[in-house]
Every structure is written in structure tokens, then in C-alpha cells.
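Biologist: Please walk me through one part of this model strand by strand, with its partners and its surroundings. I would like to see how that part is built up, and then what else the model holds.

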Amino acid sequence: MNPSTIQFPPGFLWGGATAANQIEGAFQEGGKGLSIQDVLPGGAAAPRTDGPTPANLKLDGIDFYHRYAEDIRLFAEMGFRVLRMSISWSRIFPTGEDGEPNAEGLAFYDRVFDELDRHGIEPLVTISHYEMPLALTEKYNGWISREVIDLFARYVRVLFDRYGHRVRYWLTFNEINSILHFPFLAGIGTPREQISTSELYQAAHHELVASALATKIGHEINPDIQIGCMVIAMPIYPLTPNPDDVLAALQTDHLNLMFSDVHVRGRYPGYALRLLRERGIELTITDDDRELLAAHTVDFVSFSYYMSVCESADRENAVTGDANMMVGGVVNPYLPASEWGWQIDPVGLRIILNQFWDRWGKPLFIVENGLGANDQLIDADGEFTVDDQYRIDYLHAHLAQVGEAIADGVDVLGYTSWGPIDLVSATTGQMSKRYGFIYVDRNDDGTGTLARYRKKSFAWYRDVIASDGATLDARGPRQGPNWRRSMSDPTLPDPAEAHDHEGRRSTTDTLRLIWPQWQGAEGANVAALAPELPFDRARHGYALGAKVLSAILPTPDGPTAQVPVSMDPTGLSPQDGIEAKDAVVTQLGAALAVLDQQRPERVLTLGGECSVSVAPFAELARRYGNDLAVVWLDSHPDVGTPASQYKGYHAMAVAVLTGHGDPAVVEQLPATIDPARIALAGLHSWTDDDFPNVAAWGLTTFSPDALRHSTGPLLDWVRSTGCSKVAIHLDVDVVDSDDVVLGLGAEPGGLCLTDVRRVVADLDEHYDVVGLTVAEFIPRQVVRLAELLQDLPLT
Ligand code: BGP
């Protein structure tokens, strides 16, 4: 065999994977009852709502319910041999306890299976993919109650009776090991922090018993069908070779493996019994449960694979990152991450395939893997498409490792990439986190025609399938790691530098952004407030301020970038209600380009006037989404718009970040921030015409007095947003001018220096500060000094 070719076994099941709640829509059609997903607009970690709300993109999904024939035709065009799909429980039993199953719901899946049949695609059905009828949550608190096992068994029996002779492969619960992190996905309505660990493990036990019972029922109805479990697979590497780290990694791994161990071996392994014992958990396990688990083990093991993580015995001092349903693990300094912070590790897929095969000797099925990315729809010679080479490279690299595992002797049944058509994200509720070979025209705000377009990866995957993988190169994508183009950090720091010898976090993941922008401050205002300085020097004072800030801070460990700023005095007159609009728009574009290239986890910005927070905070909002809160420490609210009297752009910074203001500016931003997650702190000076925007947009404010003795109210506010990450804008004029005048005008009545330091330190102690901007410093003495030096001989 040529070392660069890969051989997939004959009959290898190539295809794609979906879930009912993320594609179907039609949440109230065909007799369907409400499902838990219909009240979960913001994704797995976000709070539920009382009822369905317009913000919930899953209510309409991608309208697969009506467009399934068109979509299946496209899958067939790619040569799919299998489509992983799930059945919506509430389509079959709208309340979970109905006397008869819903005939219309059953007929819908008949039509889907018929259509698949017509195209020679076999279905792989997940019985429960993060769904249950909402009524079972309200009445039984989901899987907390043992009663749900029988209700599930009833549902399952209906499915096997109806489809058991036309569907060969079945999965019981999607990612069953996620229950410990996202209980609501198992129908448990009690807030996570109010559920005891005992209750959670008991609920997990009920699911495991229900899974065994489903396996029993399925095999009784048709002994030929194959029933598998489905888990999140995630290699856990020790952060260092320190045996304590290795043991910590093993123990974290056990928490995940427990679920598949029970499914495959039919009993709780010793390590799980110890873990439960040590946590004082006494599970109610009946003799019937034991018998069921032992007698009805799975035929194969399926799993999702998106990332690996590290584990450290000293977690408190290690950097933790994002992970899908398993919540952040310790960051691996050797790996890049996706735009959503999931660390990319193709080799980890080979490792996990080998581990699972060695452990259980059961056939394995990769039923989810893929890259969630922001795609750009382009018009290529009259046809809309996406040039998603990064996705091709990602999938290529992973499939090459599947090939390696097969060569290692692992029995792999098939590969269904996640989201072959764009769909609503499970963890964030967004459309913009796209995985598909097929683009769906639907946006995060729900707009769009729902039209389908083939991306570049469409033809690529078609060729892979048609050649049974022969078009793949075993060494992975030849052009190198292109997927990093859509990753968080294309220029990875030297791993040795990213952590100190004990694996603790260092500051190399912080970008220092120097942005000496001065054009945002209104000229007339500068002239009036700094009459003692020559006007041109005074207005350049902000640029000088950025240099001084950079000079007085210690040399950074991480990267530094400087945003190019024009010092040209032309083009400063107002345009569309903004002074020097051309300059600020151009420079904003330059700053965003720097950030897009660097994709930093954290940014320290040294300004410049106030608007220099716009680009870094918008980039952090893109990266961290709803997990980012902003604390704007400033005398002024900065909520001006082009309609305000004051034309200086720096006074529009908060407005722009919230998506208000000039479209040429707002459209450039990679993300905006919900005003509910922005607090103006230390606020006590404003112009009357734009101040009403504060209340109209729903921003929270704290006067200097509210924070004078304690940061408590502000910390409580951050807690109420549910965010773990904070970006702080520090306008130096928030400091009381009776203490020291650091900005342009005198602002008495502000917070004193020690207050400001305390507020920032308290935020840093309680939250992950990922953005800090210091802005508006005008070094008047230095301006005067420059004046003195300017005509000296030999300068
Ligand atoms: C898995 C889920 C899927 C899917 C996928 C990608 O955890 O089983 O339902 O959504 O992750 O996650 P996301 O949609 O959040 O990008």
C-alpha cells in the first residue's frame, strides 16, 4: 500500500448527522407537542423560557419538516450511504403520556424513510437527541423520576414496531454523558445549582436502565437490528508528565467512560462505585435494573468527536477553555481552537478510536465530527457558494486519522459528519455556527430565505465518498493546516512559552493592542478644554497618551500589535453626523483586521480616545458570545449617535458596540453586545440630548457613589448576567479630577484612584477579565515638554 493512501473497508458507512430539534422546525405542526428544546432559545447552557419565544431559532429550524425531500436529494448527490437523524419524541407522544401515538408524527418519519430509501440512503436513528416532551419535564422533572423509564419504553416500542424492520442502526441517547453538565437536556427542570449530585447520578442511572430496556425491546422485535450507545468522546491528556496530572487525567476520563462502560459491560465499574461511595451517593439500583443492564448491552459504540482537552492536578492555576457539552477542560498549549474555542486535534481521533477498541472490542461508529465556523456566502459566477477550504482541511485531517486507526486494526463502521447541512447550534442556539456542506440562508436574527447552496466542501465530500477515501492523503491536507484560518490563533505561540514549567497560565495569550487614535474626539471640544496648548498638539495628545501608556507598562510576554493611525490633519470635518468619519472607519477596519489575524483570547488595549475599545470588545464578543459582560468605567455614557449634537466618535463607542449608530461602522463589527450585558460605572457627566438612550436601550448604570465603598453592586450585576468573562473599559477621566486630572476636561465628583483600582481588582478576582482598555489619557506635561524640545538644536 502506498503510504500516502488510505483504505476504508468496503461498505464503510459515509454520511452526515442531524438532530430533529436542530433541523425540523414546524414545532406546532402535525400534532407535535412542545419539547424541551422549544423553550431553550439560547442553547444548552442558557436559561429556559416559560414558553416558546421568537428568539428560538429551533422553532422553525431549517424547515426540514417541509423540505426534507430537497435536502435528501442533496445528500444523495454527495453519495451519502447513511443519514443520522433523530425522532422527536413529542411528535410521537405530544405530552409523553397520550393514550395513542400521534399518527401524523409517525407518518412524517415514514415519508422521510421512504425518501431515503428512494435514494439508497440508510437511516441511523437516534431515539432521544436532547429532547423529551416538555410535559414530562413539568410533571416528572425529566429523568429524575423513575416513571419516565416506562414512558420512554412505550415510545421506543412504538418506534421499533413501526420502523424496526426498515431501520438497521439505532442509538438510544445522544451524548448520554452530558447529563452531569446540562441536566435540562435530560428534561430536568430544576436549575443546575439546586440539583444534588445524588439526584443527577440517579437520573443518569434511569437513562442507562432505559437504554438497556430499549435495547431489549428492539432486539425482541427484530434481532437483526444493531443498537448502540452514543457518548461524547474526548481524549483527556495529562498537562504534564507529573504523575499527579496523569492520575487527574485518568479520573476525569473515568467520569466520561463510566457511561459507556455500563452500556458495554452491563455493570458499574469499580472506579464508578468508589466515586459514588466517596461522594456519599447511594443510587437506588433494583435487582431488575441490574439484570436489565447485564443482559442487554449494546451492539456497538458510537460517539461524537470534536476536541481533546488536558487535565491538571492543579486545576485552579491552569487555563481552562471551552468544550462542547463537557464544559471547559484545561487548555492544551499545542493545539489551535475553533472560533468557538473548541481545540482541534485530528490525532486525538485516532487515539480515541484505539482506546475504545482496546477497551471494549466493539465496533465503533463516528456519528459526529466537524468544524463550526462563520461562513461567508459569495457569488461565484452567478452561483452562491462558500469557499470553505478550512472545513475541507479540518475534515481531511480527521479522516486521515480515521484511516490510520483502521490501519491500526480498529473496527470502524462508518463516519457521519455533524451537520451536513447548516443547522441550529445545540450549545449556542445560533445559525452562524455552521458545519454544513450545504449552506442554509438563515441568520441569527431569524431572517433569510432558507434557500440551500452547495459549498466548496460539497464536491470535495462527494469525491471522498465516491472514491471510498482514496482521494484523501494519509498525511492529511497537503497545503498544511488551513483550518487554522478560521481558528483562534493562526500564529501559535511556542508551547513552551505559553505555560511556565508548572503548566500555569502565563500572559502569552494576551494581545497588547496599541491604538493611538485621536480623531474621535471633537476638535471644538479639544480646543475649548485645552486652551493652554497649541490646537494640533492638543488633539494629537491622545496619540501621545497611547505611547506613554505603552512605555510605562512592563514589557509584555505575549504579542503586541499597533493599529496604523493617520496623523494627517485633513478630512476631519463631520460626515453623516460623525467628525472625521473617514479616518475612524478606516482605522477601525485596520484594528479589526489585526484582531482577526491574531484571534487573541485576551486583549489589553492602550488608547487613544474612548472608541479604541470598539474593535477589541467586538472581537471578544464574537469569541465569547453571551458569556461576555462589559464594564464601562467612565464619567460619560458614550451613547451618542450621528443624530446627537456632539459629533465626536469617541462619545459613540458604547452605542456602536450595542449595534446602534452609523451602519458603515456597525456593519464592520464581527459581533455586537446586548445592552443588558453592559454596565456604565462611575457615570456622572453627560450631554442631555443622547442620555435617554441609556434607558431606552436598557444599559445598567452605577454612579460613583454606588461604588464608593464597595464593588458589591457591580459584582452582583455581573453575576446576574450569567457571564463568566468581563471586558473593562477604563476611561481615565472616571478618576475624580480633584484627585488627578488625567483626561481632557476636569471631572470632579468621580471615583478616586484607589476606588478605581479596587473596582478593577475585584472584577479580576471574581471573573475572567479578557479585555482591558486604558483610554483617553492626555499627557499634558509631555505635550508641553515636546513644545520645549521642538526647536532645540541637533534634535
Ligand atoms: C453535540 C450535539 C449536537 C451538535 C454538536 C455540535 O454535542 O450532539 O447536537 O449540535 O454537538 O455542537 P454545536 O451545535 O453547539 O456546535
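Modeller: Happy to. A residue counts as buried here when its relative accessible area is under 20%, as exposed when it is over 50%, and as partly exposed in between. Please keep in mind that this is a predicted model.

Let's look closely at β23, which is mostly covered: 7 of its 7 residues are buried. Its side chains point two ways: K725, A727, H729 and D731 go one way, and V726, I728 and L730 go the other. The residues of each group are buried.

Now for the neighbours of β23. Strands of a sheet pair through backbone hydrogen bonds, and they can do so in a parallel or an antiparallel sense. On one hand, β23 (residues 725–731) runs parallel to β24, with 7 bridges between the two. You can find this pairing in the structure through A727, whose bridge partner in β24 is G771. Further along, H729 has T773 of β24 as its bridge partner. On the other hand, β20 and β23 also run parallel, joined by 6 bridges. Here L633 stands opposite L730 of β23.

Stepping back, these strands belong to an open sheet of 8 strands with parallel pairing, and the order across it is β16-β15-β19-β24-β23-β20-β21-β22. The edges are β16 (560–562) and β22 (700–702); each has a single partner strand, so one side of each is left without a neighbour in the sheet. From one strand to the next, the twist averages 15°. Helix α19 (residues 614–624) packs on this sheet, where it touches β15, β19, β20 (628–633), β23 and β24. The direction of α19 makes about 160° with that of β20.

What follows β23 in the chain is worth a look too. The loop between β23 and α25 holds V741. V741 has 40% relative accessibility, so it counts as partly exposed. Although V741 and P779 are 38 residues apart in sequence, their C-alpha atoms are 9.7 Å apart in space.

Some of the sheet strands also take part in a pocket. Rolling a probe the size of a water molecule over the atoms shows where empty space is left. The second largest pocket has a volume of about 1,200 Å³. Its lining has 40 residues, and L604, V760, D764, V769 and L772 are the closest to its centre. Elements that give two or more residues to this lining are β15 (510–515), α17 (541–552), β19 (602–607), α25 (753–766) and β24 (768–775). By class, the lining of this pocket has 26 nonpolar, 6 polar and 8 charged residues.

For context, here is another sheet in the model. In this case, 8 strands close into a barrel, in the order β1-β2-β3-β4-β5-β7-β9-β12 and with parallel pairing. The twist in the barrel averages 30° from one strand to the next. Helix α4 (residues 103–118) packs on the barrel sheet and touches β2 (82–86) and β3 (122–128), with its direction at about 170° to that of β2. Helix α7 (residues 197–221) packs there as well, touching β4 (169–173) and β5 (226–233), and its direction makes about 155° with that of β4.

Within the barrel, β9 is mostly covered, with 5 of its 5 residues buried. Strand β9 (residues 364–368) runs parallel to β12 (residues 412–418) over 3 bridges, and F365 has G414 as its bridge partner in β12. Strand β7 (residues 300–305) pairs with β9 over 4 bridges, again in the parallel sense. In that pairing, S304 has E368 of β9 as its bridge partner.

Last, the closed spaces. Across the whole structure, a search finds 8 cavities of 30 Å³ or more. The second largest cavity holds about 120 Å³ of space. It has 17 lining residues, and those nearest its centre are Y130, N174, L185, A186 and E207. The lining of this cavity divides into 10 nonpolar, 4 polar and 3 charged residues.

Key
Residues numbered from 1 in each chain as written. Predicted model: local features only at pLDDT ≥ 70, side-chain atom pairs only at ≥ 80, totals over all residues. Heavy atoms only, no water. 1 Å grid on protein atoms, 1.4 Å probe; cavity = no way out; pocket = protein on both sides within 12 Å on 5 of 7 lines; lining within 4 Å. Points joined across faces, edges and corners; volume = space filled by probe spheres on them. Nonpolar A, V, L, I, M, F, W, Y, C, P; charged D, E, K, R; others polar. Pairing = 2+ DSSP bridges. Axes fitted to C-alpha atoms, helices over the stretch in contact; angles between N-to-C directions. Contact = heavy atoms within 4.5 Å. Buried < 20%, exposed > 50% of the residue type's maximum accessible area, 1.4 Å probe, protein only.
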